[in-house]
Amino acid sequence: MLNMHNIRKSYRTDTVETHALRDFSLSVDEGEFVSVTGPSGSGKTTFLNIAGLLETPTGGEYHLDGQEVSGLSDRERSRLRNEKIGFIFQGFNLIPDLNLFDNIDVPLRYRGFDSKERKRRIEKSLEQVGLSARVKHLPAQLSGGQQQRVAIARALAGEPRFLLADEPTGNLDSLMARQVMELLELINQAGTTIVMVTHDPDLARRAHRNIQIVDGQVSDLRNTIGAEEAAVA
Amino acid sequence: MLELKPMLSALWRNKVAALLIALQLALTLAIVSNATVIVMERIDKMARPTGMDLENIFSVTFKPVDNNYDMAGAMQADLDLIRSLPGVIDASVTHQIPLSGSGSASGYYTEPNQVVGSFTANYYQTDPHFIEALGLNLVEGRNFLDNEMYTIGQNDRHNPAVVIVTKRFAERVFPDESAVGKFLYAGADDHPTQIIGVIERHLGAWPGWSLGGNAVFVPLFVTNKQAHYVVRTESGQRDALLKQVEAQLAERDPERVIKLATLSEQLAESYVGDNLMVKVLTVVIALLTLIVALGIVGLTFFWINQRTKQIGVRRALGATRANISRYFLVENSMIAGSGLLLGAAGATTINEILVRDLSQPVLPLSLLFLCALLLLSVSLVAALSPAMRAANISPAVATRSV
Ligand SMILES: Nc1ncnc2c1ncn2[C@@H]1O[C@H](COP(=O)(O)OP(=O)(O)OP(=O)(O)O)[C@@H](O)[C@H]1O
Ligand SMILES: [Mg+2]
């Protein structure tokens with residue numbers, strides 16, 4: 001599903017060069033639920049951004065769904081993000097001027113679905129997250145947990161193969177965090193591959209597999225072995 | 001693909017800024033379109049043909065120092081001298097200089113002793129050389145004969161037997177028939193003056209006059225305290241001959257004050273006000289357009305900065321660069337479109353007032369449309385660079401900034 005080999009990412013400013021990822025290798029199989037933990041600044045978001053085609057790596061190979069994606073044009077990357085990847089952000093990132101319906105509609109419009117199909121998907125995904133009654137509400141009229149559920153609905157509406165979440169519960173209290181986690185588990189059970197960055201060890205443990213990123217590299221033993229096996233194969 | 005409805009609802013939540021720009025555009029259109037129609041009218045007015053060989057004519061004015069001066073004799077001697085100069089096409093005496101802003105007008109009747117319903121025209125006392133000396137075009141009838149020319153004293157009375165008129169005057173007085181052979185009566189008397197010729201065009205004394213172009217010419221020289229000549233030269237020799245004539249006339253008779261000026265100079269002086277108006281209004285149009293363009297650039301940049309996060313999120317959700325820049329251009333067009341619609345209504349209202357109270361020209365719908373189109377393009381061009389910048393916002397903004 002996701003296969004990164006020797007990915008490097010460095011950020012260069014006028015004075016310093018930061019190596020956010022170094023020889024980063026990782027495979028995630030179809031249907032897996034992987035949690036990613038690690039100290040602040042270790043490169044978790046960088047990994048997620050590269051995985052989600054939000055940033056391009058400085059070097060290395062990245063196969064997504066069997067396709068080498070690091071050389072794709074901006075336009076093709078936009079299309080892949082739109083069709084294959086769902087994002088869930090720590091800050092929810094709903095568009096404040098749009099009601100729930102229009103928020104979920106945003107990626108569907110870029111996809112080019114007709115209005116009937118969009119409406120069907122919006123209603124279905126809102127129902128999945130239990131917010132059908134709020135369709136005309138603005139994001140500001142919802143609690144944080146509800147907003148994150150709308151963001152999940154927005155990610156689900158495109159029926160992505162692959163869901164990327166960067167600290168999806170970071171801004172939520174523990175009750176709401178549990179609800180969101182349960183929702184993600186349901187989504188994963190329905191077949192969507194999930195990679196979730198989290199600081200919460202309890203949530204991290206609930207994933208099939210936990211990888212640790214330290215200093216821009218995967219430090220999880222099991223996974224390191226996996227990566228070497230992949231390299232050999 | 002076009003997201004008009006959500007775009008409108010997003011706009012609605014930022015309506016104050018949008019409204020301000022729309023209003024600014026409305027005001028700009030209202031002022032710019034009315035200013036443009038005035039500028040165009042003035043330019044048209046200044047570009048009107050004078051009927052004369054404008055670039056090759058200069059005028060001479062002389063005033064004798066002595067009160068008992070032989071004006072008629074001097075006039076004849078001066079004109080003989082001027083006409084003998086190589087490069088001079090012709091010269092004639094005239095009691096007023098055309099296009100100079102000073103002149104006389106008189107009312108003419110078609111019936112003897114008529115008291116109401118006169119036709120007003122510029123009135124020139126001149127001589128049989130005036131057609132050649134001004135480069136006029138005689139389109140019908142004939143020129144004055146030498147024996148039709150009279151010279152009289154200041155207190156004498158003489159009713160000219162013949163008159164030459166402009167086509168404009170001829171068509172106004174005798175709309176459906178030839179004016180040649182018809183009679184005019186000056187100042188409610190019973191002395192007939194026959195129209196013997198029609199010249200194509202002569203703008204007269206006051207270029208801005210609403211009856212400009214209505215002119216009549218009679219063969220008459222009234223000895224007075226001063227006299228004017230008009231001199232037409234071969235093309236390109238005007239300035240040299242002006243100096244030569246000035247020197248030779250002074251040499252022939254130093255006992256007088258002589259003043260010379262080109263006809264184009266005098267026309268330019270008559271148009272000073274119009275020229276100023278054109279310049280001022282052009283600056284106003286340019287400034288207003290610039291200000292509205294800057295306002296749009298500023299507002300669009302401001303909005304894009306405000307929505308950086310949102311743009312990054314849209315990119316993360318699959319928007320291409322083109323999607324993003326198109327969003328801002330379409331949004332800009334919607335604001336501009338509504339502002340310009342309002343402005344068109346405003347422009348029409350202002351124009352109605354200008355036409356009614358200040359007798360300014362009517363604003364044609366086509367010109368209004370053209371101005372609106374121009375401002376729409378200005379607003380699109382203004383939004384272009386901010387929209388490009390928006391398109392370059394990285395999708396990583398979605399995860400990087402909170
Ligand atoms: N745009 C950038 N320019 C320069 N340096 C950057 C940029 N983005 C990230 N970095 C640096 O790259 C390193 C990895 O950052 P990253 O955001 O991936 O860490 P993280 O593991 O997500 O941290 P946190 O847990 O605090 O979110 C950090 O040292 C960070 O300062
Ligand atoms: Mg992070």
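Visitor: How many residues of chain B are in contact with chain A, and how many of chain A with chain B?

Guide: In this predicted model, local features need pLDDT of at least 70 and side-chain atom pairs count only at pLDDT 80 or more, while totals for chains, interfaces and linings use all residues. Residues are numbered from 1 along each chain as its sequence is written, chains are lettered from A and ligands numbered from 1 in the order in which they are written, and side-chain values use heavy atoms, with hydrogens and water left out. Taking contact as heavy atoms within 4.5 Å, 27 residues of chain B touch 26 residues of chain A.

Visitor: What area is buried between chain B and chain A?

Guide: The size of an interface is often given as the accessible area lost when the parts come together. With a 1.4 Å probe and the loss summed over both parts, the value here is about 2,600 Å², with 54% given by carbon and sulfur atoms. On the chain B side, L317(B), T399(B) and R400(B) supply 24% of the area buried against chain A, more than any other three residues.

Visitor: How many helices and strands has chain B, and why is chain B described as more spread out than a compact globule?

Guide: Counting DSSP runs (helices H or I, at least four residues; strands E, at least two), chain B has 12 helices and 12 strands. The radius of gyration, taken over C-alpha atoms and set against a globule rule of 2.2 Å times the number of residues to the power 0.38, is 32 Å for chain B, well over the 21 Å given for 402 residues, so the chain is more spread out than a compact globule. Its C-alpha atoms fill a box of roughly 100 × 50 × 35 Å along the principal axes.

Note on methods: Buried area is the accessible area (1.4 Å probe) that two parts lose on being put together, summed over both.
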